[in-house]
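Good morning, colleagues. I should like to take a few minutes to go through one structure with you. Please keep the display in view as I speak.

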Amino acid sequence: MGERFVVVPVDGGAGVVGDREPSDAVVSDPAPDTGGSAGGGRAAAEEIEEGEDSVFEPQDPNTVVPILEYNREPNKYGDGVPKENSPFINNTENDKGNSYDGTNMALFEEEMESNPMVSSLLNKLANYTNLTQGAQEHEEADEDEGSKKKAVKSPQMGTFMGVYLPCLQNILGVILFLRLTWIVGTAGILESLAIVCLCCSCTMLTAISMSAIATNGVVPAGGSYYMISRSLGPEFGGAVGLCFYLGTTFAGSMYILGTIEILLTYIVPKAAIFVAEKKEDELNALLNNMRVYGTCCLALMSVVVFVGVKYVNKLALVFLACVILSIFSIYAGVIKTIFEPPDFPVCMLGNRTLQNLNFDKCLKTDFLDNMTVTTKLWSLFCDGPELNATCNEYFDNNNVTMVQGIPGLTSGVISANMWSVYGPLGMMVENNELSSLGGSDSAQDIYMPYVINDITTFFTLLVGIYFPSVTGIMAGSNRSGDLRDAQKSIPIGTILAIATTSFIYVTCVVLFGASIEGVLLRDKFGDSVKGNLVIGTLSWPSPWVIVIGSFFSCCGAGLQSLTGAPRLLQAIARDGIVPFLQVFGHGKANGEPTWALLLTGGICEIGILIASLDAVAPILSMFFLMCYLFVNLACAVQTLLRTPNWRPRFKYYHWALSFLGMSLCLALMFICSWYYAIVAMAIAGCIYKYIEYRGAEKEWGDGIRGLSLNAARYALIRLEEAPPHTKNWRPQVLVLLNVDSDQAVKHPRLLSLTTQLKAGKGLTIVGNVLEGTYLTKDAEAKRAEQNIKSSMSAERTKGFCHVVVSSNLRDGMSHLIQSAGLGGMKHNTVLMAWPGAWRQSNDPQSWKNFIETVRESTAAHHALLVAKNVDSFPTNQDRLGEGTIDVWWVVHDGGMLMLLPFLLRQHKVWRKCKMRIFTVAQMDDNSIQMKKDLQMFLYHLRLDAEVEVVEMHDNDISAFTYEKTLMMEQRSQMLKQMQLSRTEREREAQLIHDRNTASHATINDKAETGPDRVHMTWTKDKLFAERNRNRECNANVAVRDLFNMKPEWESLNQANVRRMHTAVKLNGVVVNKSQGAHLVLLNMPGPPRNRGGDENYMEFLEVLLEGLNRVLLVRGGGREVITIYS
């Protein structure tokens, strides 16, 4: 990066306590978790007294003491959460007491309360410490128990010691010594090179991606897990972190099994507890021995790790020296074969390889004292030692020959080893260049002392077995806290280590194929060369160099796995993203992860009980490949998103390389073992969903969040291109909630209804309006938003919350209806509660706001749902029994009435309810034909419902209707007079007290009525509406005394009488048919165009809904929402 920081000295004591100079500060050697920012006074002293690890001892209360601002080090005592404080802004807890009384920076006085000075910021960053977990903590705890921590030296490890050698040690290991010769013999040189190149390419591409991530800022202690989780988010991070943990744990199993295999097969074969009496039992005996000794070895290693992890780290160089010495002895041995090949003869019977364990001479008969005697080999194939004994037919027909096991580099054996020799379980290892005469039953021959395949071999199996030998590339990044310059050392050291090991593997494949006879290469356990390690036969000066070197190498690698895996689990547990792992974040006082070590030992034991190195290797291959896959994915996602924070110092990466690496990892997973790959993915998927469902919310600025933003932006732009087709229409709901004076939600059942209606699909926006100004109501708005979100969570409503502060409720509602949502993801339906107490309210603005909301949602072409008695609606935990959802279809306004019951019945609350549809027939309608047509229409709509046509006859208007209308109009007049008198009183008060303030309600009334009368476009409908309004006004003016007036029905507004007649009649029919229904859906009549009749409109709706419990009034948005077409 090319930025330059210029520090400008400022006079006047900015950042200095009182009038003291900075040089007067007396500071001891800082502890590891101390910074150097200038903070002062009593606040700084109190901060120091509270910190248990502080070693500051100020000699003066006014001493300037550096205070820690940024520390990623985990709690020293094993059961805390890693601190992650920012040294940048909004972190004033430690700076309280700082006084900025200088004059040069007076302009920025207010900013200094929350934002640090540049000099203070740089000082904090300069004192940032980043300790690794593990041995350093352990040693400090051991050496400083009960005393204050000593000052920790800054990390001094360079690229070679800190990254290159640890990677080399972790990559080279058990597979190289125990299985590489067998892989070369079975797959041939060409296919072995393909396996090596495939695996090494995978790790090299992963290392390039890892280098980019590791150099994009400071990598905390925790290495690969932190890289993945901070790049891909907590869900992916937790899933991949646990997969990486399982991979590391199974790697421990593999190394322990390798240790025991070397011990029992090559060092002390007589130590075996289980000894096979028959050849067919040899494999089971070996596995049982591995289980017993492996369990003991695991217990011993776990105790070593628990007691003294620092000794494990100190012995790491010894183990590495064993590995390097072993590799040099291999190369020395290959060079020696040019001049003097070692003498390791392989005994062949015909073209079959014999196990050279129970006989000394590769002869059928020997000539001793002028007599022909049979050898030990004879007795293995014949009934007895006599020359006339009955022998195996194949033994009789074929001669015994000896071939040189290691003919040497110049022998030309490379041509014979070029091609693969795969075979099934029990296939004998043969040299096809030798003559062979059949004659015996090959099924029985496998019980003879031949060298046979102990497993079925094929290319993909060998890939799975070989891949663990290239893992270990994360060793450098895991030690990032110990490095002098991690951003320089990690890329160079890791890539050099991979290049070195790739060169070693490629040359070993070629040299083994060119120096060793094919039958010896395919002899996995060296049975044909008296039980020697095959690779040991090639080494110089002695096979024991390799045997001892590989034994200690496997021991060291096993100890390193048992050391690293618990710390990885502890890091995941301390992050708090997987709740059930919290217990594994605790440990001993020195930070040792005791519980995590116990779990690691238990999982490791599973691998040991499998007992076969060849079966365990593909398991850990899966987990490592999945980890590498997500490292590549993280780099590719960050590169393609071009997030501003993605600025790696390592420049030699490209998203295409990361994608290639990711594809290669995925391909290798399925090449190794498709069923293991599916299981590993299922485990990772389950962990991902668990963290998503139950895990703690974390915001790490990860790439997946950026990817989601990009995908959302792209989808929104695509949605904007065209309105949705009727087939894609679904209710995108804006829920208008009210809160009380304490900002608690008034009607949480509205959210329950939304959840039941949506079944988790589509858009839900929960809106609320607070009255006032944003500057004064900011805290209340945040509290209301938090309460609404809590209610949404409790009701399982998935959506967004939007709280608006507006000067009045009506404008706020209007703003929500107009502007909620974004682009194509805007609401198309408004859901609100019926204002049940509007009659008792002294403020008419409550029901006026309701009617204006109805008008505005209609003008915006939004569907409207109004729930009456919403508090009696069922919760999400209720299960309604047998009952009905009744739909009263009076007017067709797009099909919402049909669609809503269908959507509700998808939810388990309403699932048992049946749907009934009622429609109203007039006198001149054919009700029988209407019913048939409606049934056919529902059939085409694929809806199951009972149909009923209700006839409403044109009766005379009843006296009850006239009485209802008269009472309604009297009440309206009274409300108008009360409103008028209140307005006049307010007007007098305003003239006396405050001439500059106007009554908002009065101005609103004028603004509403004025333009409506002046700017009138005279259409036929509006002409009739204006006439009706004038007629109503004339009738109302004639009324002088409201309380002494007699009911003169002739003077009533006939339009109101007709509307009241409809409301009364329809209510009677609905109550008669649907009073026992669980829910009634009804067309909502629109408000009058004339605003003077608003209070009458509320009365009409009250009469219409009288006597019904749960009602959902539905008003369509002016477009079809349901279709008969597919």
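I shall discuss the sheet and its strands, then some helices, and lastly the salt bridges and a surface patch.

Please bear in mind throughout that this is a predicted model.

Let me begin with the sheet. It is open and has 10 strands, in the order β10-β9-β8-β11-β12-β17-β16-β13-β14-β15, and its pairing is mixed. The edges are taken by β10, residues 800-806, and β15, residues 946-951; each has a single partner strand, so one side of each lacks a neighbour in the sheet. On average, and ignoring direction, neighbouring strands of this sheet are turned by 20 degrees against each other.

Which strands pair with β13, and in what sense? One is β14, residues 913-921, which pairs with β13 in the parallel sense over 7 bridges. Another is β16, residues 1079-1083, which is joined to β13 by 4 bridges and also runs parallel to it. Trp888 is a useful residue to follow here. Opposite Trp888 in β14 stands Phe918, while in β16 Trp888 stands opposite Leu1082.

How many residues of β13 are buried? The strand covers residues 883-889, and 7 of its 7 residues are buried. As a general point, side chains in a regular strand alternate between the two faces of the sheet. In β13, Gly883, Ile885, Val887 and Trp889 lie on one side, and Thr884, Asp886 and Trp888 lie on the other. Both faces are covered, since every one of these residues is buried.

I turn now to β11, residues 829-833. Here 5 of the 5 residues are buried, so the strand is largely enclosed by the rest of the structure. Thr829, Leu831 and Ala833 point one way from β11, whereas Val830 and Met832 point the other way. On the pairing side, 3 bridges join β11 to β8, residues 733-736, and these two strands run parallel. The bridge partner of Leu734 in β11 is Val830. β11 also pairs with β12 in the parallel sense, over 5 bridges, and the partner of Thr829 in β12 is Ala863.

Where does the antiparallel pairing appear? Strand β12, residues 863-868, and strand β17, residues 1111-1115, are joined by 5 bridges and run antiparallel. Within that pair, Leu864 stands opposite Arg1115 of β17.

Next, the helices. Helix α29, residues 896-904, is mostly covered, with 8 of its 9 residues buried. Among them are Met896, Leu897, Met898 and Pro901. In helix α21, residues 613-641, we find Gln638. Gln638 counts as buried, because its relative accessibility is 8%. The C-alpha atom of Gln638 is separated by 9.0 Å from that of Ile213, although the two residues are 425 residues apart along the chain.

Helix α26, residues 774-794, brings us back to the sheet. It lies across β9, residues 764-771, and β10, and it runs at about 155 degrees to β10.

What salt bridges does α26 contain? I shall describe three. Glu780 forms one with Lys777, with the closest N and O atoms 3.4 Å apart; the two residues are 3 apart in α26, so about one helical turn separates them. Lys782 and Asp778 meet in another, at 3.9 Å from N to O. Of this pair, Lys782 is exposed at 53% relative accessibility, while Asp778 is partly exposed at 24%. Lys789 forms a further salt bridge with Glu785, with closest N and O atoms 3.5 Å apart. Lys789 and Glu785 are 4 residues apart, about one turn of the helix.

A search of the whole structure finds 14 salt bridges. Elsewhere in the chain, Arg179, Glu261, Asp454, Lys524 and Asp614 are linked in a network of such bridges.

Finally, the surface. Leu666, Phe670, Trp674, Tyr675, Ile678 and Met681 form a nonpolar patch there, with about 590 Å² of accessible area together. Two elements give two or more residues to this patch: α22, residues 655-672, and α23, residues 674-694. The most comes from α23, which gives 4 residues. Phe670 lies in helix α22 and is partly exposed, with a relative accessible area of 36%.

That concludes my remarks; thank you for your attention.

Definitions and conventions
Residues numbered from 1 in each chain as written. Predicted model: local features only at pLDDT ≥ 70, side-chain atom pairs only at ≥ 80, totals over all residues. Heavy atoms only, no water. Buried < 20%, exposed > 50% of the residue type's maximum accessible area, 1.4 Å probe, protein only. Pairing = 2+ DSSP bridges. Axes fitted to C-alpha atoms, helices over the stretch in contact; angles between N-to-C directions. Contact = heavy atoms within 4.5 Å. Patch = residues over 30% accessible without salt bridge, like charges linked within 9 Å, V, L, I, M, F, W, Y side chains within 5 Å. Areas by Shrake-Rupley, 256 points an atom, 1.4 Å probe, with all protein chains shown as cover. Salt bridge = Lys/Arg side-chain N within 4 Å of Asp/Glu carboxyl O.
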